Amino acid sequence: MPFRRFLRCLWPLAVPLIMAALLVYARAVPSWALVATSFGAGAITVWCAARALFGQRVAELEATKHAVETERGALRDSEAQLRRSEARLAHAQRIAAMGSWELDLVGGELIWSLEMYRIWQPLPEDYSPSRDGVLRHICEADRQKVVTWLDELKAGGAPPAMEFRVPAGEGRTRILRSEGAAVRDAAGIVIQVAGTLQDVTETRRLEQERNELYAELLHSQKLEALGTLAGGVAHDLNNSLVPVISLAKIVMAKLQPGSREYASVELILEAGQRARDLVRQVLAFSRKSEAERKPLALDGFVADVLRGMQPSLPAGIAIEQELAAVPPVAADAGQLEQVLVVLLSNAAQAIGDGVGTVTVEVASDAGRLAMLRRSSATVPGVRLTVRDTGCGMDVVTRRRIFEPFFTTKEVGRGTGLGLSVVHGIVTGHGGQIAVESEPGVGTRFDIYLPCMSQSTSEVGSSSLGAAAA
């Protein structure tokens, strides 16, 4: 093809050569003119041939250069669009707090998204993800579970989402949730495992808190129903006991002390008085009884109660006192004494005939009371703690200790109303009670009562509510 173009470029040379030949034949021009004409014709011919030969090539090169520039521009646009897509993906993962990962089964390479590094903190700055390296950052108790889950994915299975724990520093752990799927090639062979990872620590904490609130609600509704029933029965029983006790006293006044009849009526009177005391406990549990609440310095009050109870406790039990000066509370001294007596008696029975220690502490505590009330406002309060080194309780027993008539004692040794009454008295004073116990370790009761100003206002509102009821 280029040779043909070269032949087409030779036609301009034909005219001057023919003219030169005619002039030479006619001897009309000198020889130097003929030579100059020949050189000119040759130059023109060479120029035309070069243009014909290389012009098309230059055009092709220009077209190629334009195409290359166009392709480079398209590539730059694609790279910019890819960066924007990656930025949008990273932003979406950041909002969802969910990272993505891919494990290549052929080369063994593990690829993480940027969000994975934030979820998996703390990690070294130069950390490069690998399967074995990731397993080392998982709590030892959950590693085998993760390995089994990955093996099932590699085998082409579809296991459900898995949750595992990772250390978070300072003795804390975080809960991570991962979902995965197997990626197959055209032949159906699993070549990759891909999935997502999400930090669900806060979600699980909220779920646990919701479940605890729901359990507390059910427990509160059960106690309220039992309290209403017990209050009604107690009032009717109290009305029935009044004539029994009164008539027993009248009959005893007419009988000779020491006689058989006097002893029989005295036994009736004692039984009636025990029944009356039981009615008072039931009324205290149901929070229907009226109480006279006055300013009370809890540290001095507890010291007086312990001084009076010390002789009645077994000799092997030592009482330790940690009584700090605290602001006064508006409370009924008789009811709080009953609370302390019940807790100390239970502690002594938990220790049994062996040697143990009961620690009674009074201190200021505001944050815990606000937390138990699930309130963000600061609630000034005091804490009364009774802890022992006794046998402790399991989880099932600990959940039921405030239920009326529930007891772990032998038949005839307890009514199951002691802690129920304690719960009713504490909540009636606007306070909260918390329990910690483990078998073989001991039990701790923390009673939180609001200080004078706070408790006074709440007592007033409680009285108005009871009156309205």
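**Exercise 1.** Describe how α9 and α10 pack, starting from an angle of about 55° and axes 11 Å apart.

Solution. The model is predicted: local features need pLDDT of at least 70 and side-chain atom pairs pLDDT 80 or more, while totals for chains, interfaces and linings use all residues. Residues are numbered from 1 along each chain as its sequence is written, and side-chain values use heavy atoms, without hydrogens and water.

Step 1. Helices are DSSP runs of H or I with at least four residues, and strands are runs of E with at least two, numbered from the N terminus.

Step 2. Axes are lines fitted to C-alpha atoms, for helices over the stretch in contact, and angles run from 0 to 180 degrees between N-to-C directions. α9 and α10 pack at about 55°. Therefore α9 is oblique to α10; angles under 35 degrees count as roughly parallel, over 145 as roughly antiparallel, 65 to 115 as roughly perpendicular and the rest as oblique.

**Exercise 2.** Which residues of α9 are buried, and what do they pack against?

Solution. Step 1. Buried means under 20% relative accessible area, exposed over 50%, and partly exposed in between (1.4 Å probe, protein chains only). In α9 the buried residues are Leu 298, Asp 299, Phe 301, Val 302, Ala 303, Val 305, Leu 306 and Met 309.

Step 2. Contact means heavy atoms within 4.5 Å. These buried residues pack against elements including β6 (294-296), β7 (317-323) and α10 (333-351).

**Exercise 3.** Where does Arg 276 lie, and which residues does Arg 276 touch?

Solution. Arg 276 is in helix α8 (residues 260-286). Its relative accessibility is 23%, so Arg 276 counts as partly exposed. Leaving out residues up to four places away in sequence, Arg 276 touches Asn 238, Leu 241 and Ile 245.
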